Structures are given as structure tokens and as C-alpha cells.
Amino acid sequence: MAFNVKKCFIMRVTHVRNPKMFNYKLGERILEETKQHPYLGVTISNNLSWSTHINKATSAANRSLGFIRRNLYSCPKPLKQTAYMSLVRPLLEYSNSVWDPHQKEYINKLEKIQKRAARFTTNTYDKTTSITKLIKELEWDTLQNRRTANRLVILHKARQGLLALPVVNSLKPNLRQSRHTHPEAYQIITSNKNCHKFSYLPRTVTDWNKLPYPITQIQDSASFKAAVLQHLRED
């Protein structure tokens with residue numbers, strides 16, 4: 001199998017201020033260095049920040065929302081809702097368990113698109129109407145809650161052997177029980193860098209430990225996700 005050298009790049013991921021620099025060659029060509037590059041639909045950056053990916057996702061979602069607003073403005077509410085959930089929301093949720101942001105700036109940037117979609121769906125544009133109330137009436141979960149639920153579902157499936165996530169086997173049970181933990185809790189994964197602290201496993205373990213014990217005992221994945229979303233709504 002031959003590689004197209006023009007489409008091959010190198011990316012250095014390091015926190016060292018003065019890293020050692022080397023040239024890498026494929027055949028006779030020195031590979032070009034890049035600071036960010038898409039991989040399986042997710043843009044990875046050399047500083048391990050997801051800002052570039054989130055900006056691209058929100059831009060694509062805004063374009064898609066603008067398209068359906070221009071073409072479906074006179075359609076009934078159910079059709080508008082279906083269009084949003086089929087054409088816009090998937091752009092905001094693709095692989096979101098990987099890049100789920102913790103910064104308010106990006107959380108709000110993502111939620112803003114759903115708020116615009118809620119006004120479009122209900123045809124409510126006056127500024128006196130509560131957008132939170134509109135979303136509750138539509139029975140939409142916040143995108144943040146949906147991302148949290150998706151991360152927990154992946155861990156839930158991995159615990160049952162339904163998903164190949166070998167790193168789960170390295171998690172250690174929390175032997176120090178308290179009223180704030182449950183028997184299925186894990187030891188918290190400590191981190192010195194935010195890029196690791198808020199990555200999938202450390203963050204999801206923390207969220208798992210906060211779940212009520214009865215929810216952790218649910219076996220069916222769909223029922224587990226529904227219970228998690230209900231818990232997050234009430235939290």
C-alpha cells in the first residue's frame with residue numbers, strides 16, 4: 001500500500017517549552033509539520049485543545065440551521081423539530097465524548113445554537129419569552145447534559161464488556177466509602193494538566209461517582225441513559 005506523501009503530516013504534542021526538533025521523512029520527502037489536523041472527523045490540535053474542533057462544529061451547525069430556517073420557515077412545528085434533530089444537532093454531537101468542553105465559553109457557544117433552534121421551532125422571536133422555558137416545553141435536554149450522558153453510557157457499556165475500552169480495567173475501586181459515594185465508585189484520577197483532567201476518563205469517573213447507586217445498577221444501556229438524563233435534569 002502506497003502513501004500519498006502530500007497528504008501526510010507530523011504533529012508534535014508536548015508541553016516542553018523548548019522541545020527537541022527532528023525531521024521525519026517518508027521516502028525522500030520531509031514531512032510537513034502541522035499544528036492541527038482532522039482525524040476521523042475530529043480536529044486534533046498539538047496543544048490538546050478542542051477549541052478549533054468546536055469552532056468548526058458550531059460554524060457547520062449554524063450554516064445548517066440557517067439553511068432550514070430559510071427553507072422551512074412556514075412548516076409545522078414537528079417538521080422543524082425533526083429537521084433540527086436530523087441536520088443540526090448531530091453536527092454538534094459527533095464524537096462529543098472525546099471533545100466535551102469544560103470551559104463556559106464553549107459550553108455557551110454550543111447551547112446558543114440550540115436556543116436559536118428552539119426559537120425557530122416554536123416560531124417565538126420576542127425577547128420577553130424565556131428561552132429556557134421554550135426548551136423545557138420542547139422537552140429538549142441541554143447539549144451539556146446530553147454530552148455527559150453519552151460519556152457515562154460509554155463507561156457503562158465498557159463495564160459490561162459491550163465496548164472495547166481496555167483502560168477501564170485499570171480503574172481502581174474506591175475503598176474509602178462515604179455518604180457522598182456508592183459501592184460502585186472508582187478512585188479519582190488526579191491530574192496536573194487541564195488537558196488530562198478534563199479528558200474522557202478522569203472526567204467521566206468523577207461524574208460516575210456522583211450518580212445515585214440505583215442508576216449504576218441498571219443493566220440496559222437505553223434505560224441507563226434515560227435515568228442519567230432524568231437525574232441531570234433534576235440536579
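The protein chain folds into 10 helices and six strands, where helices (H or I, at least four residues) and strands (E, at least two) are DSSP runs numbered from the N terminus. This is a predicted model, in which local features need pLDDT of at least 70 and side-chain atom pairs count only at pLDDT 80 or more, while totals for chains, interfaces and linings use all residues. Residues are numbered from 1 along each chain as its sequence is written, and side-chain values use heavy atoms, with hydrogens and water left out.

Along its principal axes the C-alpha trace spans about 60 × 55 × 35 Å. Of the 235 residues in the chain, 37% are buried; buried means under 20% relative accessible area, exposed over 50%, and partly exposed in between, with a 1.4 Å probe and protein chains only.

**Salt bridges**

Eight salt bridges are found in the whole structure, each being a side-chain nitrogen of Lys or Arg within 4 Å of a carboxyl oxygen of Asp or Glu. Three of them are listed here.

| Pair | Closest N to O distance |
|---|---|
| E93 and R146 | 2.6 Å |
| D100 and R203 | 3.6 Å |
| D141 and R233 | 2.5 Å |

The bridge between E93 and R146 links distant parts of the chain, with E93 in helix α2 (residues 77-93) and R146 in helix α6, 53 residues apart. E93 is buried because its relative accessible area is 15%, and R146 also counts as buried, at 17%.

In the pair of D100 and R203, D100 lies in the loop between α3 and α4 (104-122) and R203 in helix α8 (residues 200-210), so this bridge ties together parts that are 103 residues apart in sequence. Both D100 and R203 are buried.

For the bridge of D141 with R233, D141 lies in the loop between α5 (131-138) and α6, and R233 in helix α10, so parts 92 residues apart in sequence are tied together. D141 counts as buried because its relative accessibility is 10%, whereas R233, at 44%, counts as partly exposed. Salt bridges that share partners also join D100, R147, R151, R203 and D207 into one network.

**Helices α6 and α10**

The axes of helix α6 (residues 143-159) and helix α10 (residues 221-234) come within 9 Å and cross at roughly 145°; such axes are lines fitted to C-alpha atoms, for helices over the stretch in contact, and angles run from 0 to 180 degrees between N-to-C directions. Residues of α6, including L152 and V153, meet residues of α10, among them F224 and V228, a contact being heavy atoms within 4.5 Å.
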